[in-house]
2 protein chains.
Amino acid sequence: MDDSLVRENVGVMPYLVAASQVLGVAALAVTGAWLSQYRGGFSWDGPEQFNIHPLCMVLGMVFLSGDALLVFRVFRHETKRASKILHGSLHILALTISLVGIIAVFQYHKKKNIPDMYSLHSWLGITTFTLYLLQWILGFIMFFLPGVAFALRSRFKPFHVFLGLSLLVSTIATCLLGLTEKMLFALPEEYAKLPSEGILANSLGVLLVVFGLVIAYILTRDEWRRPPLPEEQALSIDFKTLTQGESPTEP
Amino acid sequence: MDDSLVRENVGVMPYLVAASQVLGVAALAVTGAWLSQYRGGFSWDGPEQFNIHPLCMVLGMVFLSGDALLVFRVFRHETKRASKILHGSLHILALTISLVGIIAVFQYHKKKNIPDMYSLHSWLGITTFTLYLLQWILGFIMFFLPGVAFALRSRFKPFHVFLGLSLLVSTIATCLLGLTEKMLFALPEEYAKLPSEGILANSLGVLLVVFGLVIAYILTRDEWRRPPLPEEQALSIDFKTLTQGESPTEP
């Protein structure tokens, strides 16, 4: 048993996971620095309520939800149940923080009489958030509640994984749209002269893209998939035998 | 031999490929309709030179390069060499058309005295295009020139595939940024009232995202990967035997 753990080839995965965390924390730090240095900081009641929006979205929808996707790769030798609990918890934390960020921008718009939901940023963002919420609920029902047939779970899993990574990508695209909108609203003339705030905002965009690329790379390497633990392997063979009617002695 | 073809399970792949083509053609049609209906149409020398840019980028970097990625899935029973020639040709056509689109916007900026390369759209776009060109050159050297070791090709292939899909995704994100910029420049007041042009541009963004999603889904299904033809299979076993020193009789 131990032998199979030693032979497992995780290659450069630990370095890439470390890189993703550095990139994620850097993106958060740049978001915080940008909003407090150039955009007046944070408050719930004042005109700075808007700034809660980008901060919460980068923290929740990008950083925490990105990390939730890595759980099954990073904690590969924990039980599946423990990994599922961590995965679901990180996502619900991400959902809650993002919801605060969404409420912040709608309240700010209302106070300032700014129309909602006209831009591509808002269309893509609200679609992504709605699907993210649905994905959480469906994932909870399918993978956490007992009694769902093993065959149904196995069928649903590739969709869950594909949608999960797609939602991270579309979240990052939504952030880039939001950054572009903010630059053109806040610095309509100066942005074209590439002032320090413009460079900072563009760099934040680049950081978010590279964060997404590193996470996507880790998740799409076949050889870094979480291997089933010995007891899970035995269990899944039992299930396969039951559902597919194969002889247990077959390879 | 025929038996293995019959047993091959391509499932809904043909429908998804058809859907991707409908979405791609729809995106092109909407781009053309938008630019000619609302933005004055196309000309190389007049002020409509700008409009060449979005049209060429959607045709080249999105539609043709997206289709190039599908070649190995769609023409799964052609020889690998024929598929490679089609894949490389579609990409070089895409590169040429995109280059025309990039030249158009730089010339337009020069004539109008508009600064270049300050926005996130331009940063992401030029990076994507440069990497796309490098990917073509490296791909040509590694997979088309004779004499590259089979082991080196096999090692390089996952990076080529990952970068290829990543570049399509980042191209689409760049298009969304361009659409947002154009709406805020061309309709600074009206966009917030969601006029018909705004709805059309946002819908184009949605079409591009769904096109990318369908292509990404087709490419990431393990079971739809191109199976090696019988003669390739024999060849690759020979190579494996030579490079890994295994007995040819081993399973």
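Here is a short walk through a two-chain model, from its symmetry to the contacts between the chains.

The model is predicted, so local features need pLDDT of at least 70 and side-chain atom pairs count only at pLDDT 80 or more, while totals for chains, interfaces and linings use all residues. Residues are numbered from 1 along each chain as its sequence is written, and side-chain values use heavy atoms, without hydrogens and water.

Let's start with the symmetry. A turn of 180° and a shift of 0.0 Å along the axis lay chain A on chain B with an RMSD of 0.0 Å (least squares on C-alpha atoms of residues with pLDDT of at least 70 in both). The two copies are thus related as by a two-fold rotation axis. The same surface serves both: 100% of the contact residues of chain A recur in chain B.

Now to the interface itself. With contact meaning heavy atoms within 4.5 Å, 36 residues of chain A touch 36 residues of chain B. The chains bury about 3,000 Å² between them, 77% of it on carbon and sulfur atoms; this is the accessible area (1.4 Å probe) lost on being put together, summed over both parts. Tyr118(A), Leu120(A) and Phe162(A) supply 22% of the area that chain A buries against chain B, more than any other three residues.

Charged groups take part as well. There are 2 salt bridges between chain A and chain B, a salt bridge being a side-chain nitrogen of Lys or Arg within 4 Å of a carboxyl oxygen of Asp or Glu. One of them joins Asp222(B) to Arg225(A), with the closest N and O atoms 3.5 Å apart.

Key: Chains lettered and ligands numbered in written order. Buried area = accessible area lost by both parts, 1.4 Å probe.
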